[in-house]
Structures are given as C-alpha cells and as structure tokens.
Amino acid sequence: MIEYLKKTFNGSEAEFHAIATKALEEEQKLFVVTANPETMMIARSNEDFHKALVDESTTIVPDGIGVVKGMNSLDIKTNGRVTGVGLCSHLFKEGSRLKKSVYLYGAKPEVNDKLCEVLKKDCPDLRIVGHKNGYDNDPDEVFEDMKRQEPDIVLVALGIPKQELLIYKNLKDFKKGIFVGVGGSFDVLSGTKKRAPKLFVKLNLEWLYRIAGDPKRIKRFYQSNVKFFSVLKKEKKAEKKA
C-alpha cells in the first residue's frame with residue numbers, strides 16, 4: 001500500500017490537468033490510473049494489477065479522498081484530489097480546442113451513445129474516432145480497432161481492474177495517446193446519472209452521497225476504505241520496525 005501511495009501524484013488538480021494538456025499538445029503517451037482505496041486494495045491481491053500500478057509508465061492520481069488521507073498519514077504533502085470525472089471533462093475540452101481525437105470504450109450502449117451526443121454538441125471539434133459499449137464487444141477486437149484509429153485520448157469504462165489491465169496490456173502498441181480507466185464516469189458525463197451535489201464534492205463526501213443512494217455500497221465501502229486504513233497502519237508499523 002505504501003508503495004502505491006508514495007508513487008501517487010501529489011500536486012493539485014490544475015497542475016495535473018496542465019500535464020495532460022502538454023501530453024496532448026506534444027502527442028506524448030500517458031497512462032493514468034485514477035485511484036481510490038479500492039484500487040489499491042485490489043492491487044494487493046492481484047499480481048497483474050500490482051505490476052501495472054508500480055510500472056514507471058503508469059501515473060497514479062488520487063481520485064478518492066481516502067488516498068489523499070493515506071498519503072498525508074505518510075507525511076506526503078498533497079494538494080487534494082484529481083478526480084476521474086474532472087480529468088475527463090478537461091480532456092474533452094482541451095481535445096476539442098486542439099482538434100484531437102477520442103475513443104470511448106465501455107458502459108451500457110445507451111450511456112455510450114448518449115455521451116457521444118453530448119460531446120458532439122459541447123465539444124464540436126473533438127473527433128470521435130470510435131465508441132464501443134462494454135457489453136456487446138470483444139475487448140481484443142476493440143483494442144485492435146483503437147490501434148488502427150490511433151486516437152489522442154482513450155477512455156475505458158469497464159470497472160477496476162479490467163479497464164486498467166486492458167490498457168496496460170496494449171499500451172506498448174500505441175505511439176501516442178492519453179489512456180484513462182474511468183469506471184462509472186461515462187454515466188455522469190453523459191448526464192445519465194447525477195454527480196453528487198457541489199457541497200458533497202467540496203467536502204469530499206461523494207462516497208457518502210453514493211452510499212445514501214445505494215445502501216448496498218456499505219459492504220463495498222468497508223471492504224475497500226476501512227480495510228485500506230487498517231492495512232496501511234500495519235504496513236507503517238512494519239516499516240518502522242525494519
């Protein structure tokens with residue numbers, strides 16, 4: 001856990017957006033993992049995912065407030081969260097400004113289609129070179145199509161860790177592009193689901209808003225967030241003894 005946290009970007013959201021813009025402008029390759037405690041808990045028990053996270057080509061950003069607090073507990077100064085939804089919105093805007101291309105993979109068919117409609121209206125100069133839902137398409141075939149299209153932005157919404165593992169597996173075959181696993185962001189960005197009210201976002205309580213709307217998430221929250229801090233505490237003790 002400590003290994004992941006020490007590797008996580010600790011600047012501000014605006015600073016990371018500037019990094020993403022530069023990567024777009026200069027046609028660099030950038031693989032971004034938007035991490036919350038669940039991300040890191042899964043990586044502890046999934047060797048392939050662990051390998052992807054610690055790879056020097058992977059950039060981890062703190063999407064969840066739990067990750068920020070975990071970094072602070074290690075005396076790593078941070079400047080808050082870098083959210084997946086915020087990063088996507090920035091990439092859409094900058095992609096349109098720079099007349100770049102995007103490939104959207106994942107989510108339900110109706111959600112993927114709705115997001116395309118929104119982008120065509122709000123980001124008219126952003127070229128959608130591919131959009132495939134996460135239910136009716138073979139992942140390998142989709143990525144082969146991506147390679148032919150050579151998009152500037154690739155957003156994959158298949159859930160953790162499937163989305164990241166697919167990107168990591170194929171990353172070497174691309175010469176450029178910003179690749180991000182975005183989980184359920186397509187639902188929010190398409191307007192299919194509402195994001196938490198601004199007050200919840202400002203207070204870093206989006207997790208509470210989601211639990212209130214779906215009590216079944218309590219178990220998932222415990223398995224990821226609560227256990228995350230328990231594991232981190234044990235690792236810190238072991239590190240001090242070493």
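# A polar contact at Lys176 and the structure around it

The side chains of Lys176 and Asp152 are joined by a polar contact of 2.9 Å, and this pair offers a convenient place to enter the structure, which is a predicted model. Lys176 is found in the loop between helix H9 (162-170) and strand S6, the latter spanning residues 177-181. Although it carries a charged side chain, Lys176 counts as buried, because its relative accessible area is 18% and the limit for that class is under 20%. Apart from residues up to four places away in sequence, Lys176 touches Glu27, Gln28 and Lys29 on the one hand, and Glu150, Pro151 and Asp152 on the other.

Lys176 and Asp152 also belong to the lining of the largest cavity, together with Ala23, Leu24, Glu27, Gln28, Gly177 and Ile178. The count of cavities of 30 Å³ or more comes to one, and the space in the largest cavity is about 40 Å³. Which elements supply at least two residues each to this lining? They are helix H2, which runs over residues 13-25, and strand S6. Sorted by class, the lining holds three nonpolar, two polar and three charged residues.

From the side of helix H2, the lining residue Ala23 can be followed further. Ala23 is found in H2 and is buried, with a relative accessible area of 3%. Once its neighbours within four places in sequence are left aside, Ala23 is in contact with Gln28, Leu30 and Ile178. Ala23 and Gly177 are 154 residues apart in sequence, yet their C-alpha atoms are 7.9 Å apart in space. Glu27, another residue of the lining, is found in the loop between H2 and strand S1 (29-35). The phi of Glu27 is near 55°, a positive value in a residue other than glycine, and with a relative accessible area of 43% Glu27 is partly exposed.

The contacts of Lys176 with Glu150, Pro151 and Asp152 lead on to helix H8, which covers residues 139-149. At the start of H8, a side-chain oxygen of Asp138 reaches to within 3.1 Å of the backbone nitrogen of Asp140. Within the helix, Val142, Phe143, Asp145, Met146 and Lys147 are buried, and what covers the buried residues of H8 includes strand S3 (101-106), strand S4 (127-132), strand S5 (153-157) and helix H9. H8 is followed by Glu150, whose phi is positive, near 50°. Beyond strand S5, the loop between S5 and H9 contains Pro161, and the peptide bond from Ile160 to Pro161 is cis, with omega near 0°.

A further positive phi, of about 65°, is found at Asp75, which is not a glycine. Asp75 lies in the loop between helix H5 (65-73) and helix H6 (84-97), and it is exposed, with a relative accessible area of 71%. In helix H6 itself, Lys93 is exposed, with a relative accessible area of 52%. Lys93 and Cys123 are 30 residues apart in sequence and 6.4 Å apart in space, from C-alpha to C-alpha.

The cysteines deserve a word of their own. Cys88 is buried, with a relative accessible area of 0%, and Cys116 is likewise buried, with a relative accessible area of 4%. How many disulfides does the model contain? The count comes to zero, where the criterion is a pair of cysteine sulfur atoms within 2.5 Å. A disulfide is a covalent bond between the sulfur atoms of two cysteines.

Taken as a whole, the protein has 13 helices and six strands. Buried residues make up 48% of its 242 residues. Among the contacts in the protein with a separation of 6 or more, 78% are accounted for by residues 24 or more positions apart. The pair with which this account began, Lys176 and Asp152, has its side chains joined by a polar contact of 2.9 Å, and both residues line the largest cavity.

Terms used
Residues numbered from 1 in each chain as written. Predicted model: local features only at pLDDT ≥ 70, side-chain atom pairs only at ≥ 80, totals over all residues. Heavy atoms only, no water. Buried < 20%, exposed > 50% of the residue type's maximum accessible area, 1.4 Å probe, protein only. 1 Å grid on protein atoms, 1.4 Å probe; cavity = no way out; pocket = protein on both sides within 12 Å on 5 of 7 lines; lining within 4 Å. Points joined across faces, edges and corners; volume = space filled by probe spheres on them. Helix = DSSP H or I, 4+ residues; strand = E, 2+ residues; numbered from the N terminus. Polar contact = N/O pair within 3.5 Å; in protein donor to acceptor, adjacent residues only side chain to side chain. Contact = heavy atoms within 4.5 Å.
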